[in-house]
Amino acid sequence: MGLKVNRPILKTIFIVISRDERLNHKKKAFLSEYKTINSLNYAGSSDPKQVLSIYFPKKEVDKGITIIDVHGGAYVTGGIGTNMPYLKYLVEHGYTVINIDYRLIKVRNDTTIKDQIMDTCLAMNYIYDHYKEWGVPSSFSLLGDSSGSHLTLLYSEILHSNEKLNYLVDDLELKPMEIKSMVMSSPCTDYKLLYDDGMRLITKRAVYLVFPPKKISKEDVIKYSAFQRLEEGYPLPIIFTSSKKDFINDQSVELNSKLNELNIPHEYIYADENSFKIGHIYNQNIKDGNPIREEANQKIMEFIDAHK
């Protein structure tokens with residue numbers, strides 16, 4: 001029996017989440033009026049995906065805060081231009097933004113989830129080594145959306161584990177970054193939940209691309225889940241968004257419950273709106289100035305400012 005592909009769901013995953021990378025050059029033009037440092041390779045390699053870029057606000061609105069962004073895209077798509085409109089929005093509001101790209105899981109490459117976690121950690125180490133020479137403010141907030149939120153959350157857990165979790169990144173020594181807060185849009189933090197629900201969410205074909213049996217076992221799925229690593233005493237305050245129409249809203253519900261159980265300070269912004277426009281990572285789709293998005297972003301910026 002042939003494999004039946006749920007095309008509407010795939011369209012949501014591969015188009016709505018990550019946008020089309022062919023438009024990257026147009027998105028980069030949005031920031032042409034700002035000081036930028038582009039395409040720094042953080043891994044000492046020639047890989048065009050292992051890069052980061054930096055965008056500086058105008059001096060008159062500079063808040064002295066740096067937001068480090070890791071894009072989403074279901075682990076298989078997205079790039080340095082994926083979140084550009086939202087990053088421009090943040091720069092306009094006075095934040096310095098560091099935009100991290102990372103290797104993607106593809107049919108014809110050997111990249112795994114573990115490689116993406118490693119890329120995130122390497123990028124953070126590189127930022128620690130160079131932020132002073134770039135003139136970047138040392139008050140850091142982590143921002144991730146969807147799959148990107150998983151990478152940032154797990155990085156922060158490894159960072160604050162006193163090297164107990166360094167085995168997840170082959171004993172890479174993490175530099176002592178002082179992160180002040182965590183921001184997540186429609187977070188995907190539990191690989192096990194995604195693995196178990198994958199048939200419903202993104203079809204068997206897509207699940208096997210992200211979790212191929214020959215590359216990663218179910219034990220690995222649990223091992224590399226940020227949700228499984230959350231413990232009482234996690235030091236960063238967290239703010240995150242989801243909505244009624246978010247197709248992985250169950251991840252946010254689960255995360256909110258666990259944060260409450262562990263007494264970890266957090267805010268959960270839930271948009272109870274039955275509209276496709278208020279769906280996955282809705283706060284980053286800011287073109288139409290929807291008041292629900294504006295309210296969510298205002299709360300996020302107030303949260304970041306309060307934990308400077």
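**Close-up 1. Helix H10 lies across three strands of the sheet.** In this predicted model, H10 takes in residues 249-261 and lies over S6, S7 and S8. Against S7, the helix runs at about 145°. One of the strands under H10, S8, covers residues 266-271 and is an edge strand, so look for its pairing on one side only.

**Close-up 2. S6 and S7 run side by side as a parallel pair.** Strand S6 is made of residues 179-185, and strand S7 of residues 238-243. The two are joined by 4 bridges. For a spot to zoom in on, try Ser185, which stands opposite Thr241 in S7. Both strands also sit under H10, together with S8.

**Close-up 3. Eight strands make up an open sheet with mixed pairing.** Reading across, the order goes S1-S2-S4-S3-S5-S6-S7-S8. Note that S4 comes between S2 and S3 in that run. At the edges are S1 (36-41) and S8 (266-271), each paired on one side only. From one strand to the next, the twist averages 15°. As a reminder, strands of a sheet pair through backbone hydrogen bonds, in either a parallel or an antiparallel fashion.

**Close-up 4. Helices H4 and H5 pack at an angle of about 65°.** H4 spans residues 113-134 and H5 spans residues 147-159, with 9 Å between their axes. The crossing of H4 past H5 is right-handed. On the H4 side, the contact uses Gln116, Ile117, Thr120, Cys121 and Met124. Facing them from H5 are His150, Leu151, Leu154, Tyr155 and Ile158. Sorted by class, that contact comes to 7 nonpolar and 3 polar residues, with no charged ones.

**Close-up 5. The second largest cavity holds about 40 Å³.** A search of the whole structure turns up 2 cavities of 30 Å³ or more. Around the second largest one are Ile105, Thr111, Thr112, Ile113, Leu209, Val210, Pro212, Lys215 and Ile216. That lining splits into 6 nonpolar, 2 polar and 1 charged residues. Among the lining residues, Ile113 is also where H4 begins, since that helix covers residues 113-134.

**Close-up 6. The second largest pocket has a volume of about 220 Å³.** Its lining includes Ser156, Glu157, His160, Ser161, Lys164 and Leu165. Also lining this pocket are Arg229, Glu231, Glu232, Gly233, Tyr234 and Pro235. By class, the pocket lining has 5 charged, 4 polar and 3 nonpolar residues.

How values were computed: Residues numbered from 1 in each chain as written. Predicted model: local features only at pLDDT ≥ 70, side-chain atom pairs only at ≥ 80, totals over all residues. Heavy atoms only, no water. Axes fitted to C-alpha atoms, helices over the stretch in contact; angles between N-to-C directions. Left-handed = near helix turned anticlockwise from the far one by under 90°. Contact = heavy atoms within 4.5 Å. Nonpolar A, V, L, I, M, F, W, Y, C, P; charged D, E, K, R; others polar. 1 Å grid on protein atoms, 1.4 Å probe; cavity = no way out; pocket = protein on both sides within 12 Å on 5 of 7 lines; lining within 4 Å. Points joined across faces, edges and corners; volume = space filled by probe spheres on them.
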